[in-house]
Amino acid sequence: MFRIQHYFMIGSSVFLLLLLPLMIIALKRHERSATPRLAIIQDMDKMPYLKPQRKSDLFADTRGMRPHIAGTLAREDFIYINQAETQLHPNNWAATHVVLNSKMQYEKVLYGQVLRDGQGDWVKAIPIHVTPEFVNRGQQKFDVYCGPCHGDNGRGNGLVNQYVAQLRTEGSPDAGTWVQPTDLTSPAVKYMPDGQIYGVITNGIAAMAAYKDQIPVVDRWAIVAYVRALELAAAPVPASKLPAQDRPPEPTGKVAKVATDGMQVAAATSQEQKQ
Ligand code: HEC
C-alpha cells in the first residue's frame with residue numbers, strides 16, 4: 001500500500017516536471033519582448049541588405065542605390081491607399097485601379113502620352129479609374145506639393161507667392177526673379193489635356209521644377225483629378241452648357257469614359273456646393 005502511494009507521488013511529480021517546458025514555451029509565445037527572440041533555425045530572419053547611400057560590391061559600379069531602369073516603373077509607383085478600403089482593412093494597399101494591359105496603356109499611365117513615330121500625343125483623359133477617394137487622395141497631395149505656390153484653391157496665390165509679394169513691396173532683393181505660379185483654374189490649364197498637366201508635374205515647366213522624384217505616378221494622376229475638381233468648383237458650369245467652341249474635346253473609348261465618370265463626380269460635388 002505504502003509503495004503504491006510512493007510510486008504514484010514520484011510518477012506525478014515527474015509528469016508535472018515534464019509539463020514545465022511546455023508551460024514555459026506557451027508563456028514565451030504570449031509574452032511581448034523588445035529583444036528579438038532566440039532563433040535556432042534562422043530561415044531568412046537575418047539577411048544582408050543595402051542601406052541608402054552606402055556602397056555595395058555586388059554591383060560593378062559599387063552603387064548601393066540602384067538607378068531606375070529606363071522604361072520601367074517601381075512597384076510602389078502604382079500603390080496608393082484607397083482610403084475607404086484601408087479604413088476597413090488597415091493592411092489593404094489597393095493598386096487595383098491601375099490596369100496596365102497593353103503597351104499603349106502603359107505609356108499613357110507612365111508618360112501621359114501616346115507615342116507615335118517618336119511624337120507624343122497628350123492623353124485627353126486620366127487613364128486611371130477615378131473615384132471620389134482618388135480625388136480626395138489628389139487633394140491631400142495637392143495641398144502638400146502644389147498649394148504652397150499655386151494656393152489651396154489653385155488660383156496661383158499660395159503662401160510662397162504672398163511672401164514674395166510682401167518682399168517686393170518692401171523692395172527687398174530677396175524677392176529675386178520669382179514668377180507668379182499659373183492660375184490652375186484659368187482657361188489655359190482648363191483646356192489642357194489631362195496628360196499635359198501630368199507632364200507638367202512630371203517634368204516641370206519653365207520656372208516650375210519637376211516633381212517626378214517626389215510624387216509617385218498614381219499620385220500625380222490623383223493631383224490632376226483634383227486640379228479638375230478645383231476648376232469645376234471655380235466655375236461650376238456643365239460642359240454641355242458651354243458654347244460649342246469652348247467645350248473640351250469629346251472623350252472617346254473606354255479609358256476616357258472612366259475619366260468622364262470622375263468628372264461627373266466632381267461636377268456633382270460642385271453643384272452640391274452651389275446649392
Ligand atoms: C515652387 C512653386 C511651385 C510649385 C510647388 C508648383 N508649381 Fe506649378 N507652376 C509654378 C510656376 C512659377 C509656374 C509658371 C511657370 C512659368 O510659366 O514659368 C507653374 C505652372 C504650372 C502649370 C501651367 C503650365 C503651363 O504649361 O502653363 C501647371 C498645370 C502647374 N504649374 C501645376 C502644378 C501642380 C499640379 C503642382 C503640384 C504637383 C505644381 N504646379 C507645383 C510654380 C510651382
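Let's start with the protein chain as a whole: of its 275 residues, 21% count as buried. Keep in mind as you look around that this is a predicted model.

What is the chain built from? Its secondary structure comes to 10 helices and two strands. If you walk along from the N terminus, the elements run α-α-α-β-β-α-α-α-α-α-α-α, so the order is easy to follow by the definition used for numbering helices and strands from that end. The contacts tell you something about how the chain comes back to itself: among those in the protein chain with a separation of 6 or more, 61% are accounted for by residues 24 or more positions apart.

Now turn to the ligand. There are 21 residues surrounding it, and the closest are Cys146, Cys149, Ala206, Ala207 and Met208. Several elements give two or more residues to this shell, namely helix 5 (147-150), helix 7 (187-190), helix 8 (194-203) and helix 9 (217-234). And what is the shell around the ligand like in character? Its residues divide into 19 nonpolar, two polar and no charged.

One last stop is glycine 176. You'll find this residue in the loop between helix 6 (159-169) and helix 7. Is glycine 176 buried or exposed? Glycine 176 counts as exposed, because it has 10 C-beta neighbours inside 10 Å, and the cut-off for exposed is 12 or fewer. To place this glycine relative to another part of the chain, look for valine 164: the two are 12 residues apart along the chain, and their C-alpha atoms are separated by 8.5 Å.

Methods:
Residues numbered from 1 in each chain as written. Predicted model: local features only at pLDDT ≥ 70, side-chain atom pairs only at ≥ 80, totals over all residues. Near = placed C-beta within 6 Å. Helix = DSSP H or I, 4+ residues; strand = E, 2+ residues; numbered from the N terminus. Nonpolar A, V, L, I, M, F, W, Y, C, P; charged D, E, K, R; others polar. Buried ≥ 20, exposed ≤ 12 C-beta atoms within 10 Å, placed from the backbone. Contact = placed C-beta atoms within 7 Å.
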